[in-house]
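Here is a friendly look at the pockets of a protein and at one pair of its packed helices. Have the sequence and the 3D view open as you read.

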Amino acid sequence: MRQPDEGELRARSLANEAQVRSWIADWNCPEIVWAEFPEEPVSTAFLEQDSEWWWNTSRIPWMRNQIWPLSADPSGESRPSVRAAWRFDSDYMFQELSIHVESILDPEYLAEMLALGVHAAALKGWQEEDAHSLYRHLYDALNHRPLSNSVLIKGRLGFVLFEFMRMPFFKEVRIMLRLTLTSTATDGTPLNEHGGTPFDS
């Protein structure tokens with residue numbers, strides 16, 4: 001398989017930044033205020049042979065595993081704080097979106113907030129009806145009794161795999177929602193162009 005050249009990687013990097021910026025703008029969540037957008041992504045692995053190129057480049061780094069870390073604080077009292085990270089692989093292709101929330105436990109509100117956040121991400125093949133399905137999954141997990149227990153669920157909506165965890169934290173709750181992409185169902189069946197299988201009803 002042909003490796004992308006510098007121009008392609010630069011274009012992808014700019015597109016990734018635009019996608020992350022759009023996500024913040026499109027996620028309708030007035031209860032939080034986003035911190036200043038980072039000037040550059042960060043990387044978990046920096047290759048030595050890239051260093052000279054990096055120090056002579058003013059805008060787009062040549063990195064491996066590009067990460068855009070984001071944070072938001074509550075706009076009022078008793079509302080959520082949010083930490084998120086968009087991760088892209090060595091070819092600057094989407095790898096993962098993780099969202100961490102700390103909040104009072106309000107299942108209806110948090111399920112809606114997170115479903116709207118995922119919808120705003122506009123990941124591959126995402127449909128409006130997927131947001132409604134995700135809301136139901138999240139609400140059931142958030143409202144699972146007893147509330148002092150931790151809860152972990154996993155699922156797939158089209159091409160999007162989600163993993164959700166609810167953990168008690170004093171009088172509040174910590175939440176993790178992780179999103180990745182797949183081309184197969186859980187049994188290995190290839191997904192069609194609409195993110196379904198021949199066995200989907």
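The notes below cover two pockets and then a helix crossing.

This is a predicted model, where local features need pLDDT of at least 70, side-chain atom pairs count only at pLDDT 80 or more, and totals for chains, interfaces and linings use all residues. Residues are numbered from 1 along each chain as its sequence is written, and side-chain values use heavy atoms, with hydrogens and water left out.

On a 1 Å grid over the protein atoms alone, a pocket is an open set of points where a 1.4 Å probe fits, with protein on both sides within 12 Å along at least five of seven lines; lining residues have an atom within 4 Å of a point.

| Pocket | Volume | Lining residues |
|---|---|---|
| Largest | about 190 Å³ | N16, Q19, F88, Y92, M93, F94, A122, L123, K124, L181 |
| Second largest | about 160 Å³ | E112, A115, L116, H119, E128, A131, H132, Y135 |

The lining of the largest pocket has seven nonpolar, two polar and one charged residue. For the second largest pocket, the split is four nonpolar, two polar and two charged. Helices α3 (107-121) and α4 (128-142) each give at least two residues to that second lining; helices here are DSSP runs (H or I) of at least four residues.

Now to the helix pair. The axes of α1 (residues 6-26) and α3 come within 8 Å and cross at roughly 145 degrees, and this crossing is right-handed. Axes are lines fitted to C-alpha atoms over the stretch in contact, with angles from 0 to 180 degrees between N-to-C directions. Q19, W23 and D26 of α1 meet G117, A120 and A121 of α3, where contact means heavy atoms within 4.5 Å.

Note on methods
Grid points are joined across faces, edges and corners, and a volume is the space filled by probe spheres set on the points. Ala, Val, Leu, Ile, Met, Phe, Trp, Tyr, Cys and Pro count as nonpolar, Asp, Glu, Lys and Arg as charged, and the others, Gly among them, as polar. A crossing is left-handed if the near helix is turned anticlockwise from the far one by less than a right angle, and right-handed if clockwise.
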